[in-house]
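Please open the structure in your viewer and keep the selection panel at hand. The tour proceeds by selection, with a short account of what is found at each stop.

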Amino acid sequence: MEAIYQYAWLIPVLPLLGATIVGLGLISYNEVTNRLRQANAVVIISSIGIAMTYSFALLASQIQGHAPYRYSFDWATAGDFHLTMGFVIDPIVSVMLSIVTTVALLVMIYTDGYMSHDPGYVRFYSYLSLFSASMLGLVISPNLVQIYIFWELVGMCSYLLIGFWFDRAAAAAACQKAFVTNRVGDFGFLLGMLGLFWATGSFEFTEIGERLSESIANGSISAGLATLFGILVFLGPVAKSAQFPLHVWLPDAMEGPTPISALIHAATMVAAGVFLIARMFPVFEHLPTVMDTIAWTGAITAFLGASIAITQNDIKKGLAYSTMSQLGYMVMAMGVGAYSAGMFHLMTHAYFKAMLFLGSGSVIHGMEAVVGHDPVLAQDMRLMGGLRKYMPVTAATFGIGTLAICGVPPFAGFWSKDEILSSAFHANPALWAIGWLTAGITAFYMFRMYFSTFEGEFRGGDMAMRKQLKLATLPNFGPGAMDVRELDATSEGEDEGHDDHHDSEPHESPTTMVLPLVLLAIPSALIGFLGMPFANYFEAFVHAPGEVVPTLAEMAEEFDIVEFGIMAGSSVGVGLIGISLAVLMYLQRKIDPSAIAKKIEPLYNLSLNKWYFDEIYDALFVKGSRRLARQVMEVDYRIVDGAVNLTGLATLLSGESLKYFETGRAQFYALTIFAAVLGIVVFFGVS
Amino acid sequence: MDFPWLTFIILFPIAAALLVPVIPDKDGKTLRWYALVVGLIDFVTIVWAFYSQYDINESGLQMVERYAWLPQIQLYWSVGVDGLSMPLVILTGFITTLAILAAWPVSFKPRLFYFLMLVMYGGQIAVFAVQDMMLFFLVWELELIPVYLILSIWGGKKRLYAATKFIIYTAGGSLFILIAALTMAFYGDNFTFDMQAIAEKDIPATMQLWLYAAFLIAYGVKLPIFPLHTWLPDAHGEATAPAHMLLAGILLKMGGYALIRMNVGMLPDAHVTFAPVLVILGVVNIIYAALTSFAQRNLKRKIAYSSISHMGFVLIGIAAFTDLGMSGAVLQMVSHGLIGASLFFLVGCTYDRTHTLMLDEMGGVGQSMKKTFAMWTACAMASLALPGMSGFVAELMVFVGFATSDAYSLTFRVAIVCLAAIGVILTPIYLLSMLRELLYGPENKELTAKEALVDAEPREIFVIGSLLVPIIGIGLYPKILTQIYDATTIQLVARLRDNVPGLEDAKIAAALEGATVQQAPPVVDRF
């Protein structure tokens with residue numbers, strides 16, 4: 001058994017190798033590599049396939065009770081200081097490895113269909129593989145520095161993939177926004193990490209936790225300072241997991257191709273924040289203020305995301321806000337100390353949200369056949385409708401995903417969300433209330449999405465609507481984009497209207513795209529059974545370090561059917577209310593949504609405009625930093641450099657005058673120096 | 001007697017340069033091959049010499065060669081390397097050779113150009129290798145002349161202004177070196193220019209402060225330190241790609257090297273007083289230059305300011321009084337030498353195609369220049385300290401080294417670390433918006449109508465590839481670099497710490513105890 005642990009580093013290295021081989025091929029033999037198309041995909045998919053098999057082997061070994069395994073080596077040294085790197089395999093790592101590799105594998109298979117006509121097909125695969133490598137590296141990291149390293153690397157991959165269609169101005173703006181927002185979080189993460197190292201002399205999670213609580217107990221570090229460090233570290237997850245107030249990058253990140261929205265911005269990378277909180281649990285659990293901050297940040301984000309998702313018309317943006325909201329649940333769970341519940345929701349969410357995103361990609365793929373390759377048209381739900389007839393498999397799997405996220409029993413989301421809500425209730429009923437309300441909103445907007453996409457009449461042929469959508473987006477260029485391009489965009493938009501002949505009906509996606517959907521539907525429906533409160537296999541396996549978990553038999557004994565009934569009943573109840581509203585408004589059309597929107601117009605606009613976060617940040621930070629930068633440059637140019645130029649002038653003038661007084665300038669130069677030296681030596685020699 | 005490796009390394013390119021005027025060069029191709037081969041031979045010699053002669057566990061000077069030159073005025077040809085200069089000598093050989101390759105398209109006065117490049121080659125190495133103060137001053141001045149000529153002959157439109165500014169600044173700065181060097185040589189009983197002998201002189205504290213200030217001005221110009229930096233954007237704005245690579249890759253490092261060698265090594269008492277000033281200047285460098293870079297619309301000036309910003313970390317590291325900080329400072333110099341050279345080379349490549357440096361006139365360039373796009377992205381990522389690349393390790397070491405330094409109060413450290421970390425946010429802002437405006441988005445039709453945007457040729461890919469290999473190599477496993485200079489920096493910091501009042505070794509041990517306890521021997525342990 002030892003051997004499979006010794007070579008566990010292969011899990012991230014294999015996809016890295018795949019990415020390197022294909023990447024080098026792209027750089028040195030671009031045309032040949034691009035012509036080989038699927039051969040590259042095969043290399044990369046098989047490397048991740050092996051990694052997946054390996055991960056499952058490790059998972060199986062861990063489930064059988066193998067002790068955690070850790071390997072480390074000296075990475076950087078300076079004097080007595082040693083920084084180690086390495087890897088660790090324990091239950092939570094093995095679970096994360098399995099989640100990441102399965103989703104990555106399925107997304108890669110899906111990519112073959114989705115990107116089949118894209119000229120950047122091979123490049124996309126190499127980025128995907130690079131991302132998988134970084135993400136897997138993050139998961140197996142044994143200490144804070146290594147997590148930070150891979151944390152940044154997944155951020156870079158996310159940057160590359162969001163900006164994948166780099167000719168689109170919106171994508172260019174979005175990828176920069178994602179990277180910079182994440183850097184703001186990393187700024188906190190870095191400072192917190194340095195602070196914790198200063199306080200404890202360690203980068204290892206358990207050691208930091210132990211030493212920090214010791215130091216607080218004996219008074220060598222004030223609790224306030226420790227709390228500050230904790231919150232700073234938490235800023236990292238706030239940015240990475242799109243938590244309020246650093247959530248603004250995630251919806252924009254939908255400019256990237258849909259497979260990466262599923263892999264990076266739903267299932268894996270954004271969940272890394274939750275994973276980091278789990279890793280830092282030994283530190284955070286001793287700091288109640290930090291835990292409260294985490295819990296409330298999660299709760300606010302959950303509600304914020306859901307409240308915005310209600311009014312979104314872009315199917316991917318809607319899913320993005322939903323992801324943000326669900327991540328809020330996980331963070332809240334961590335904050336109230338429900339470690340296993342948070343991780344469990346991370347797992348179920350990874351599967352059903354990946355499926356929902358891939359489903360939306362399938363829808364977009366189908367829509368593109370009708371409206372052309374234009375994200376504005378192909379992703380807008382106002383042009384969809386009735387797609388179930390044309391794409392039955394996509395509709396069915398999307399339906400399962402919707403049921404799962406809404407918490408309808410017995411689908412996966414029910415069990416995980418219910419566990420979080422009941423833990424939140426025990427910690428603070430106010431948190432529970434927010435989570436409960438959010439669950440209702442979630443059910444509403446997800447069914448709104450499902451009905452407007454798959455039910456009713458197909459509206460893709462509505463030319464008036466198309467034109468209206470096209471016009472509405474015109475001024476919507478990324479911040480700082482050049483105005484000149486808007487003219488181009490208008491003309492391009494008009495060209496596209498009549499150049500090519502599209503189908504009048506969408507079609508079901510190819511097998512490579514449908515197969516992953518079906519495969520993801522299985523865990524989305526069933527995986528919840530691992531975490532039933534009376535037989536919580538998941539909690540028995542993955543739990544906070546040091547926490548004593550009851551055995552399965554004890555769980556069954558402790559299980560209180562009445563309490564479960566109340567908790568589950570209330571969350572299912574609020575979900576059903578949301579679903580019914582959605583049915584009335586978007587399926588049966590008995591209530592007119594626009595009439596309601598008119599009645600509560602300020603609220604509607606607040607939601608539609610995403611609570612004006614982008615506008616506020618743009619005015620405060622984007623414009624502010626530009627103004628500051630320009631002012632500093634002016635100072636540099638006029639004052640710092642200006643002073644010098646004046647001195648330059650002065651020396652020039654004196655030089656000119658010298659020319660008339662003296663003929664031998666070199667002698668004067670030497671004489672001055674000699675006098676100066678003499679002066680100094682004499683001065684210090686005497687004193 | 002052993003073979004005089006260092007003397008050979010310094011004199012070989014200079015001697016080869018003397019042959020340049022007589023080399024037949026009918027088709028204009030012989031000369032550049034000649035220069036490249038000379039560069040390569042010298043680089044290989046450097047690597048071989050260090051590999052076979054240098055012991056990385058020794059902290060003192062090695063491979064010392066000392067010949068009387070003008071004994072009457074105590075001038076000796078004295079060269080030697082320790083952990084501080086050795087990595088920089090290798091860097092010089094590496095970057096200069098690549099710069100010769102980068103200069104491939106130079107067609108205007110090639111003879112003079114390659115002559116100057118080869119002279120520069122030897123001169124730069126000499127700056128890092130000489131161990132005699134007078135000689136140091138001479139080579140320091142000598143190496144300015146080729147740079148001045150390269151700037152003023154092959155530069156852009158405002159090249160004369162830039163070159164004059166460069167020479168006034170640096171020559172003005174070296175005046176201070178001369179004064180300080182002479183003062184130190186004359187002081188005390190024995191008149192000597194030997195650096196080690198000078199370092200052992202017991203110079204009174206007040207005098208140290210004056211000398212320190214003089215050196216700080218001279219090297220502050222070179223590094224550069226705010227507010228002495230304004231020559232750099234002008235010089236960079238007008239220089240050609242090979243000159244850029246040398247300026248950013250090597251010349252700026254001379255400032256940092258000399259700061260460590262003389263200010264820290266020879267004037268430790270004054271360093272204790274001046275260290276907080278250095279730290280503050282470092283932070284100002286980081287933030288001020290990053291903001292200025294963000295506002296620049298000219299590609300070259302943008303990168304020039306980013307160089308200034310990155311040098312701020314060197315200052316903080318030097319002043320940290322910890323092994324880690326000093327090690328990080330040296331690493332940052334080497335790392336920036338590679339990254340800065342690569343970015344400036346890319347600016348040159350881009351300019352060759354677009355014939356403009358203004359970002360407003362570009363846009364969407366990446367569509368027809370995909371390989372250039374990839375290289376830009378990789379180098380910009382390296383510059384914004386992406387983990388896995390050398391810049392990250394250097395900055396992290398400086399951060400950790402300063403945060404755990406026991407020479408400063410907690411409040412000061414917190415403030416400095418927080419401010420320096422703002423640079424971590426600002427760097428991607430200006431670098432990524434530069435990438436966006438340059439490469440992303442729809443193609444700029446005005447530009448494509450005028451210029452043919454051809455993708456990078458193999459030579460260019462080779463240059464960037466050669467630079468990226470060490471950047472990523474150090475980033476993945478920094479020990480390959482840190483171990484070769486570790487012995488010297490540790491010894492330097494130990495000497496420095498003796499001069500800081502109230503810093504006992506016990507305290508250091510306590511502060512670092514955590515780090516050592518945590519790091520059990522690198523074995524596989526199960527628990």
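The stops below begin with a whole chain and then turn to individual elements and one residue.

**Chain B as a whole**

The model is predicted. Select chain B and display it as a cartoon: 21 helices and 3 strands make up its secondary structure. Its radius of gyration is 23 Å, close to the 24 Å that the globule rule gives for 527 residues, so chain B is as compact as a globular protein of that length. Reduced to a C-alpha trace and viewed along its principal axes, chain B spans about 70 × 60 × 50 Å.

Next, colour chain B by accessibility. Of its 527 residues, 67% are buried. When contacts in chain B are restricted to residues at least 6 apart in sequence, 81% of them join residues at least 24 apart. Switch to a surface representation: chain B exposes about 17,100 Å², of which carbon and sulfur atoms supply 67%. Finally, select the charged side chains of chain B, which comprise 31 positive and 37 negative ones. The centres of these two sets lie 11 Å apart.

**The hairpin of chain A**

Move to chain A and select residues 69-78, which form strand 1. Add residues 81-89, which form strand 2. The two strands pair in the antiparallel sense, over 9 bridges. To follow one such pairing, pick A:Asp74 and look across to its bridge partner in strand 2, A:Thr84.

What lies between the two strands of this hairpin? There are 2 residues between strand 1 and strand 2 of chain A, and A:Gly79 in the turn has a positive phi of about 60°. Strand 2 of chain A is mostly covered, with 8 of its 9 residues buried.

**Helix 13 of chain A**

Select residues 272-279 of chain A, which form helix 13. How many of its 8 residues are buried? The count is 8 of 8. Show their side chains: the buried residues include A:Val274, A:Phe275, A:Leu276 and A:Ile277, and A:Arg279 is also among them.

**A:Thr323 in helix 16**

For the last stop, select residues 315-335 of chain A, which form helix 16, and centre the view on A:Thr323 within this helix. Is A:Thr323 buried or exposed? Its relative accessibility is 0%, so A:Thr323 counts as buried.

Now display its surroundings. Leaving aside residues up to four places away in sequence, A:Thr323 touches A:Leu250, A:His265, A:Ala266 and A:Val270, together with A:His349, A:Lys353 and A:Phe357.

Key. Residues numbered from 1 in each chain as written. Chains lettered and ligands numbered in written order. Predicted model: local features only at pLDDT ≥ 70, side-chain atom pairs only at ≥ 80, totals over all residues. Heavy atoms only, no water. Helix = DSSP H or I, 4+ residues; strand = E, 2+ residues; numbered from the N terminus. Rg over C-alpha atoms; globule rule 2.2 N^0.38 Å. Buried < 20%, exposed > 50% of the residue type's maximum accessible area, 1.4 Å probe, protein only. Contact = heavy atoms within 4.5 Å. Areas by Shrake-Rupley, 256 points an atom, 1.4 Å probe, with all protein chains shown as cover. Lys, Arg positive; Asp, Glu negative; His and termini not counted. Charge placed at Lys NZ, Arg CZ, Asp CG, Glu CD. Pairing = 2+ DSSP bridges.
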